[in-house]
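Open the model in your viewer and keep the selection tool handy. We will go from stop to stop, and at each one I will tell you what to pick.

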Amino acid sequence: MCGIVGINGTTEVCFDILGALKRLEYRGYDSAGMATLSKGAFFRKRVPGKLIQLEEKIRACPLPGTVGIGHTRWATHGAPTEKNAHPLEGKHVVLAHNGIIENHEALRAQFSMDPFDSETDSEGIVHLLDAYRERGMPLSEAMSQLFQVLQGSYALAILFRDEPDTLIGARSGSPLVVGYGREGRLFLASDVVAFSDFCDEVTYLEEGDWVELKGAQATIHPDGGSGVVVRPRVPIGETMKVLTKEPYRHFMRKEIQEQPAVLRHLLTTLSDPLKKNTVAWASLSNLCIVACGTSFYAGCVAKYWFEKVARLSVRVEIASEFRYNHPALPLGTGALFVSQSGETADTLAALRFAKQQGIFCIGIVNVPESSLAREADVLWQTHSGVEVGVASTKAFTAQLAVLWHLVEEAAEQRKALSSEEKKTLDRAFQTLPEQVEEALLLDASLQKLAARFGHTTSALYLGRGALHPIAMEGALKLKEISYIHAEGYAAGELKHGPIALVEDALPIVVLSPYDALFPKTLSNIQEVLARRGQVILFTDPEGAEAVHSLSHRLHLYTLPQVSPIFAPIVYTIPMQLFAYHVAASRGTDVDQPRNLAKSVTVE
Ligand code: G6P
């Protein structure tokens, strides 16, 4: 989603701003812009579309100045046009905004005599600051006033025309980080990744902070006031620095391939939560798992595990629905929030809602510095490194591994698992990296399959039990990056509607290891074949044996024999590979699919 960058230094900044914006591209955006301040004048360039277009404009005519800001915008209020792209410029200020200003209509009414140049919710901020400066308000008073008036969420990077060599940042509800560069350069960004090549240390601003970056000095003012606070400078983690997709064509492909290594590393860290609180699983009567997108499907797999193995009653809620649904949260309810970014606005709002109700909140995140990580009562990190591809892959399987660890912990505390069962499951869990490696060997054959089905307009995915969420995740992956309509169903639901879609051209992906439910899924497969549908079956050696003579319309892919509990993790791999190869063959923007954002920081 929108990305903000600001640099204040002693040398020209425009190309470094461009470089930093490029590192934020993965968040998803549909217009971009940059502004600098030099000798009391603003210089600005904006484009609809991709950064490459901004780069062309900047190369043709670089922006002068040693202080500047940049922005990648993911349109919410107003189409992705040049006039709606940030930075937005007024008489006294130029600024970039990430978030949503909820009282933007009131601000438009307040300044109804002034022309607005854009349709954005952000432009009211420009008019407010201009008005404050017209009245001669000093910088600090203007910023305090701004905090009092603005409603909604914002991270801001601001240049004031008459504050030379000064870069201002402010945050409320959207993340913002200060970076300390070499030769006294100071950076501002919504994501550390933007400047991790230039800086070794950063400060994560807190809610309500605003910061003045001037003359190699970062002065932080807390609570939207004029006081000063010193916040810790922390080193940037190594994983934030590795941002190359080599030797692959896309980050997503690289991230799929990284999964055995991520799981191996994760297995060594699992007994060590990031926040040392423990969860009293035995005291919980039920658990509510809340998440969005791919993380939601991880929660759906965990529901199955928690109920089967730990005998804990679980419901899984879509974060954007949760707090508006008047959820009954009886005594003994615990809540678990799953998020790769830890910044998804809906998931964060759901966490805050649950905390207000006095619910104990567990977090699983990939980004340890995220808001969700800070606000959860107890926290596990998925240790996947930066995930650049918008479609989540390695973070998802890592979420599943962490969730399994919690299920085991809960089962032990609730005395739902014998020591023999635990030993067997632990052994199987430890072999996951090798099994994922084996699943990755299907790559070449799935590339061929993708070439065959790349022109389909629709696909169905079927699975039972814990593989039902993986069917939905497989369908989501295909939709996200190849723009093919796809739906995931519980296999038994086929006959209640989706079977009407079955025809020669419709691929039906079926996930079915040879377990107790295999015969039932086999009946569903027969139902499809009888209607001349195409089945793409992922199963294990025993399942393959059972179907080998069925039909030439059945495309068979054999995965390793895996403990039924861990099948969701291993069966995810071919879903990712198939979606990837279909998208790559169709030539879509795999890492930054249209309209999507890596981290959705607006409601
Ligand atoms: C966006 C991303 C998805 C992701 C979802 C939830 O829609 O494109 O890949 O699954 O947000 O994000 P989170 O960071 O909370 O896991």
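The tour visits the ligand, a helix and then the cavities of this predicted model.

**Stop 1: the ligand.** Select the ligand and the residues around it. There are 14 of them, and those that come nearest are Ser295, Ser339, Gln340, Ser341 and Thr344. Now look for oxygen atoms on the ligand. One lies 2.6 Å from an N or O atom in the side chain of Ser341. For backbone partners, pick Gln340, where a polar backbone atom is 2.7 Å from a ligand oxygen, and Thr294, where the corresponding distance is 3.0 Å.

**Stop 2: helix H16.** Next, select residues 467-482, which make up helix H16. Is this helix mostly covered or left open? It is mostly covered, with 14 of its 16 residues buried. Try a distance between its end C-alpha atoms: they are 22 Å apart, which agrees with the 22 Å that 16 residues should span at 1.5 Å a residue. Then step on to Tyr483, which follows H16 and has a positive phi, near 65 degrees.

**Stop 3: the cavities.** The structure holds 3 cavities of 30 Å³ or more. The largest has a volume of about 80 Å³. To find it, select Cys2, Arg73, Thr76, Gly99 and Asp121, the closest to its centre of the 13 lining residues. Colour strands E4 (67-73) and E6 (93-101) as well, since each supplies at least two residues of that lining. E6 gives the most, with 3 residues. Coloured by class, the lining shows 8 polar, 3 nonpolar and 2 charged residues.

Definitions and conventions
Residues are numbered from 1 along each chain as its sequence is written. This is a predicted model: local features need pLDDT of at least 70, side-chain atom pairs count only at pLDDT 80 or more; totals for chains, interfaces and linings use all residues. Side-chain values use heavy atoms; hydrogens and water are left out. On a 1 Å grid over the protein atoms alone, a cavity is a set of points where a 1.4 Å probe fits but cannot get out, and a pocket is an open set with protein on both sides within 12 Å along at least five of seven lines; lining residues have an atom within 4 Å of a point. Grid points are joined across faces, edges and corners, and a volume is the space filled by probe spheres set on the points. Helices (H or I, at least four residues) and strands (E, at least two) are DSSP runs, numbered from the N terminus. Ala, Val, Leu, Ile, Met, Phe, Trp, Tyr, Cys and Pro count as nonpolar, Asp, Glu, Lys and Arg as charged, and the others, Gly among them, as polar. The expected span of a helix is 1.5 Å times one less than its number of residues. Buried means under 20% relative accessible area, exposed over 50%, partly exposed in between (1.4 Å probe, protein chains only). A residue is near a molecule or strand if one of its heavy atoms lies within 4 Å of it. A polar contact is a pair of N or O atoms within 3.5 Å; within protein, one must be able to donate a hydrogen and the other to accept it, and residues adjacent in sequence count only if both atoms are side-chain atoms.
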